[in-house]
Every structure is written in structure tokens, then in C-alpha cells.
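Me: I have a structure open in front of me and would like to learn how to read it. Could you take me through it step by step?

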Amino acid sequence: MAVHGNTLSGISVELPASDTSPLADEVRTGLQRTPKRLSSRFFYDAEGSRLFQEIMHAPEYYLTRSEYEILDTYKANLLAQFTTGERAFELVELGAGDGLKTKILLGFFADKNADFTYAPVDISVDALDELVIDLRQKWPDLRLNPRHDDYFNALEQLSEESNARRVVLFLGSNIGNFTPEDALDFYRQLHDRLQPGDLVLTGFDLQKHPAVIHAAYNDRQGLTRAFNLNLLHRINRELDANFDLAAFDHYEVYNPETGEARSYLVSQKAQLVQIGALAMTVPFQYGEIIHTEISRKFTRTQIEQLAEQSGFSLTGWFTDCKGYFADVVFER
Ligand SMILES: C[S@@+](CC[C@H](N)C(=O)[O-])C[C@H]1O[C@@H](n2cnc3c(N)ncnc32)[C@H](O)[C@@H]1O
């Protein structure tokens, strides 16, 4: 039985037994569904986080460059919005990853002596650990409150008393991984847990030429392919499974009518896969898919509707020069 977890850089991590771990639950239920499904939240083990950092530098993956440009261009404007009333603020980042773009804001805010705490939340202990080590080196005086947790557990904690204004960051098009229903539910939960005047800054990937989107998830270096297949490698390692990675392929499709990019793993032959830790045998037909990720692309109207239907006011709209991506401020 594999047991995972560690305690590094002051972050406490629980040690789940593998057969009751979130990954085990996901694999047990997801691979018995039709069509088979595994959630993208399990992509980010150490290797998945490393591969995602490479993807962010791939020429086809415009999302990171676009959002980087926006945050760099409008950092002073964002600080002005975050500090209205001269209250201290707490920057709570859901799914912080390596914080590549957030560091633009952190560096600028530190230079301006802004009174704030940074609270990165990530389900990947590897990503969070690396981020904390880097931040402590770069800005030893930065007030840091890291949490190895799921977005939704972290949201629960938001309802606890705080004198600081909450500014929730949800960058990198993480919102695109939610179905429309889940996205609305997410903002409604945020609305319930935040106080009037608190803010949410979300990075939305916008609808654009379908070929640009399609290429972003089919990079020529094969990074997205390796990232998708790494999920099977993780299951092999953590749940004693025997997926043959050479017998599965990466396939991605973008539907411009729905605005959804979907990633799949495709079985290249009829095969049986053993998941040792779950005492499970999973049959695959030739061509059968596992749906692993949805990446939704938005219109401005959809974003305005999300704000309105969840009770927020849209108070800031920032885009890159190509109009590919938008960082949007919702005020509670
Ligand atoms: C696509 S990366 C984006 C990282 C960063 N926000 C950016 O813009 O570059 C998604 C990050 O969210 C984390 N994540 C995914 N699902 C999560 C969840 N349910 N709760 C907490 N973190 C999650 C992953 O571990 C990963 O580090």
C-alpha cells in the first residue's frame, strides 16, 4: 500500500491511506463510469507540476504569456483596487501552482510596501512546497500563509473572521476546468463566504480562433501529451496499477460552438488494466476514451452573466493586446 505525503517548508500534509485517498476514490468511481473519467485535479504530482511549468513556456500555450502581460501592465491599477480604504488585505490564491504570474504582483506590492498577506492554496504539495521555498528566498519579509488543501475546503475557512479585506485570486484559467453549473456554484459559494467589499480576480481564457486554442493543447514538443499520460503513470505508482503508457494516446478536441476544449486518453487496443491497491480490473475496448480535462473558453457576456447570477459586481476588466485572455475583478 502506498502512502504519500511529507512535511516540508513548514507545510503540514496529511498522510492518506492509498485505498481511501482522493485519487483512489476517483479511480474507483471514474473508471467504472461510461464514458470513463478522471478529474484534472489529479494531474499535479511532482512530475505533472514540472510538465505544466514546461507547457507554460511552450510557444503554442498563449494563456500564460497573455495573463503575464495583463498582470504586468495593470499591476498598479490592481493594487489601487485591492487597497481601497487603506485596509490590509489578504491575497488568497486558489490553485497557486508555481505562482509564476502572481510573483509579478507580489514583487510590485512588496516594492510599494503594501500591507498584505499572501495565502497560496494548492492541492499539489510539490507545487506548493516549491513556491514557498522560492518566495521565502525572494521576499523574506513577505507574510505567508500557505495551505495544502482543496479549493473548496479553503473556501470553508474564508468564512472565519478576518479584519483584512479578502482578495481571492483564481488565475491561469483554472475556472475553465469547471462545468458551467460548477462555475456558477463556485462563485455563489465565494459570495456566501466573502464580506461586502471583498474581491475576486479571475483569469478567464476568451473565445478566439479555434485553431489557436486547438494548438495550445497539441503542442509540437508533445508536452501536453506527456502531461495527460502522466496521470496514468501516477496511478501506476500510487495505486500499484499496470497501465502500459505506450498503449494509450493523447487526444484533444475544441468545439467552438460550446467553447469547450476536452482532453482524452485513448486506448490503442482492447486491454485489461489491473489496479492492485483497489483489487480492480478495468477493461478497455480499442478506441475507448478516458475523459481527463475540460478547458472552457468564455465570452464577455458569459462572464458578465456569471457575476450577475452569483451576486457580484464586475468592477474591473483587463485584457492582453491580442484580446486572448481577460483578468476580471468581481466585487462582493
Ligand atoms: C493549471 S495550474 C495553474 C496554476 C496557476 N494558477 C497559474 O495560473 O499558473 C492549476 C493548479 O491548481 C491546482 N489545483 C487543481 N485542482 C485543485 C483543487 N481542487 N484544489 C486546490 N488546488 C487545485 C493544481 O495542483 C495546479 O497547481
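**Reading the fold together**

Reply: Gladly! Keep in mind that this is a predicted model. Let us begin with the whole and then move to single helices and residues.

Me: How many helices and strands does the protein have?

Reply: The protein has ten helices and 14 strands. Its radius of gyration is 20 Å, close to the 20 Å that the globule rule gives for 332 residues, so the protein is as compact as a globular protein of that length. The C-alpha trace spans about 60 × 45 × 35 Å along the principal axes.

Me: What share of the residues is buried?

Reply: Buried residues account for 52% of the 332 residues. You can also look at how far apart in sequence the contacting residues are. Among contacts between residues at least 6 apart in sequence, 71% join residues at least 24 apart.

Me: Now a single helix, please. Why is helix H4 described as largely enclosed?

Reply: To judge a helix, look at its residues one by one; a residue is buried when its relative accessible area is under 20%. In H4, which covers residues 102–111, eight of the ten residues are buried, so this helix is largely enclosed by the rest of the structure. The buried ones are Thr 102, Lys 103, Ile 104, Leu 105, Leu 106, Gly 107, Phe 108 and Phe 109.

Me: Which elements do the buried residues of H4 pack against?

Reply: There are helices and strands on the list: helix H3 (62–82), strand E2 (89–94), strand E3 (116–122), helix H5 (125–138) and strand E6 (165–170). Following H4 you will find Asn 113, with a positive phi near 55 degrees.

Me: How do I describe two helices that pack together?

Reply: Two packed helices are described by the angle between their axes and the distance between the axes. Take H3 and H4: their axes come within 9 Å and cross at roughly 45 degrees. That angle makes H3 oblique to H4. H3 passes H4 in a right-handed crossing.

Me: Which residues make that contact?

Reply: From H3 come Tyr 68, Leu 71, Asp 72, Lys 75, Ala 76, Leu 78, Leu 79 and Phe 82, and from H4 come Ile 104, Leu 105, Phe 108 and Phe 109. By class, the contact of H3 with H4 has ten nonpolar, no polar and two charged residues.

Me: Is Ala 76 buried, partly exposed or exposed?

Reply: Ala 76, which lies in helix H3, has a relative accessible area of 45% and is therefore partly exposed. Ala 76 and Phe 108 are 32 residues apart in sequence, and their C-alpha atoms are 8.0 Å apart in space.

Me: May I try another pair? At what angle do the axes of H1 and H9 cross?

Reply: Helix H1 (residues 22–30) and helix H9 (residues 223–239) have axes that cross at roughly 115 degrees and come within 11 Å. This makes H1 roughly perpendicular to H9. H1 passes H9 in a left-handed crossing. The contact is formed by Leu 23, Ala 24 and Val 27 of H1 together with Arg 234, Ile 235, Glu 238 and Leu 239 of H9. Sorted by class, the residues of this contact are five nonpolar, no polar and two charged.

Me: Let us turn to the loops. Is Ser 173 buried or exposed?

Reply: Loop residues can be read with the accessibility value too. Ser 173 is in the loop between E6 and helix H7 (180–193), and at 6% relative accessibility Ser 173 counts as buried. Setting aside neighbours within four places in sequence, Ser 173 is in contact with Leu 63, Gly 203, Asp 205, Arg 296 and Phe 325.

Me: What can the backbone angles show me?

Reply: Look at phi and omega. Asp 240 is not a glycine, yet its phi is positive, about 55 degrees. Asp 240 is found in the loop between H9 and strand E8 (248–255) and is exposed, with a relative accessible area of 54%. Ala 279, also not a glycine, has a positive phi near 50 degrees. Ala 279 is in the loop between strand E10 (271–275) and strand E11 (280–284), and at 76% relative accessibility Ala 279 counts as exposed.

Me: And omega? Is the peptide bond from Thr 34 to Pro 35 cis or trans?

Reply: That peptide bond is cis, with omega near -5 degrees. Pro 35 lies in the loop between H1 and strand E1 (36–37).

Conventions
Residues numbered from 1 in each chain as written. Predicted model: local features only at pLDDT ≥ 70, side-chain atom pairs only at ≥ 80, totals over all residues. Heavy atoms only, no water. Buried < 20%, exposed > 50% of the residue type's maximum accessible area, 1.4 Å probe, protein only. Helix = DSSP H or I, 4+ residues; strand = E, 2+ residues; numbered from the N terminus. Contact = heavy atoms within 4.5 Å. Axes fitted to C-alpha atoms, helices over the stretch in contact; angles between N-to-C directions. Parallel < 35°, antiparallel > 145°, perpendicular 65-115°, else oblique. Left-handed = near helix turned anticlockwise from the far one by under 90°. Nonpolar A, V, L, I, M, F, W, Y, C, P; charged D, E, K, R; others polar. Rg over C-alpha atoms; globule rule 2.2 N^0.38 Å.
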